[in-house]
Amino acid sequence: STMRSYMNQQRRNSSYELRKREQLRVASNPGPPKPDYPYPRDLEICYHMLVDIDEGLEEGKVNADPTTTELKIYLEMKGFPHKVHVVEPSTSKNLPDWFRKNNWDGVLPMAKYDKEQYKLGSAEIMMALEKKFRVPLMCAGGMGAARFRGKTVKNLTLSLLKSVRPYDESNPDWTDLRSEFRQLDEYLVQCHNKEGDYLKEKRFSLWDIRMVPALYNLMTVANYFKPGFVLPDDVPHLRSYMNHAFEDPIFVKFKPTVRQIVKYFEPKLNVRIVLPDDVQ
């Protein structure tokens, strides 16, 4: 009995010491500071895992879908603390418990916050968070910004790279993309020196966040999959915009590497690209 009491006391002492150590560790490393303005509580984000066409899933690495990049940039600019899950719904890899019962189709990115709030897709996530949490306020973009979505460029990029036709007027995908380029160029002219003009304010608006990642993916890897891509000469404002936006510190921080973008497109195009060793 005396020995049992002694052992129990030792266990309690050990447990107490462990708790104290953990408290000291948390106190000395409190993590990133919480914003001093309203923010979504217990925000968790699921991103799609990167897949290598030969080797399969790359554990812990996020894929280069433009919707992933845009949501990363948005959350950074808003300053919202959040937990990240890198998942693969098709194999149930790393899925949190709440994922399947609220997202049967496996739409990504996905967000959970404020206990039981679930949003699917980066556009819906950003729209819901921006509506409820206005600080810091994000500019929506200039007049007419709603006409353009990065999704259009994203979809046209995939169609264009799948097409066996060259980059000329015989290819309807190229014609559609050139038309989109011209409209974007005209929009940038209309926005010049007005609210939402990136070249004036040097800060991404919601429109920039949605548009830049899709443009970057296209401009970065088109020639790896289908040589001959050149930005047309009749869109000088779009060219200048991209040159500046691609070098913005917030975009540089989160932009995917060339190798990640190639890996993102390889399964979609069923093509294996061998990159030079010096390509990151």
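Q: How far apart are the end C-alpha atoms of helix 6 (residues 172-191)?
A: Helices (H or I, at least four residues) and strands (E, at least two) are DSSP runs, numbered from the N terminus. A helix's expected span is 1.5 Å times one less than its number of residues. The 20 residues of helix 6 should therefore span 28 Å, and this agrees with the end-to-end distance of 29 Å.

Q: What kind of model is this?
A: Residues are numbered from 1 along each chain as its sequence is written, and side-chain values use heavy atoms, leaving out hydrogens and water. Local features need pLDDT of at least 70, side-chain atom pairs need 80 or more, and totals for chains, interfaces and linings use all residues, as the model is predicted.

Q: How wide an arc do the buried residues of helix 6 cover?
A: Buried means under 20% relative accessible area, with a 1.4 Å probe and protein chains only. In helix 6 the buried residues include Trp-174, Leu-177 and Phe-181. They lie on the same side of helix 6, because the directions from the axis to their C-beta atoms cover an arc of only 160°.

Q: At what angle do helix 8 and helix 9 pack?
A: Angles run from 0 to 180 degrees between N-to-C directions of axes fitted to C-alpha atoms over the stretch in contact. Those of 65 to 115 degrees count as roughly perpendicular, and helix 8 and helix 9 therefore fit that class. Their axes are 11 Å apart, and the angle is about 95°.

Q: Is Asn-103 buried or exposed?
A: Asn-103 sits in the loop between helix 3 and strand 4. It touches Met-110 and Leu-120 (heavy atoms within 4.5 Å), not counting residues up to four places away in sequence. Its relative accessibility is 2%, so Asn-103 counts as buried.

Methods:
Buried means under 20% relative accessible area, exposed over 50%, partly exposed in between (1.4 Å probe, protein chains only). Angles under 35 degrees count as roughly parallel, over 145 as roughly antiparallel, 65 to 115 as roughly perpendicular and the rest as oblique.
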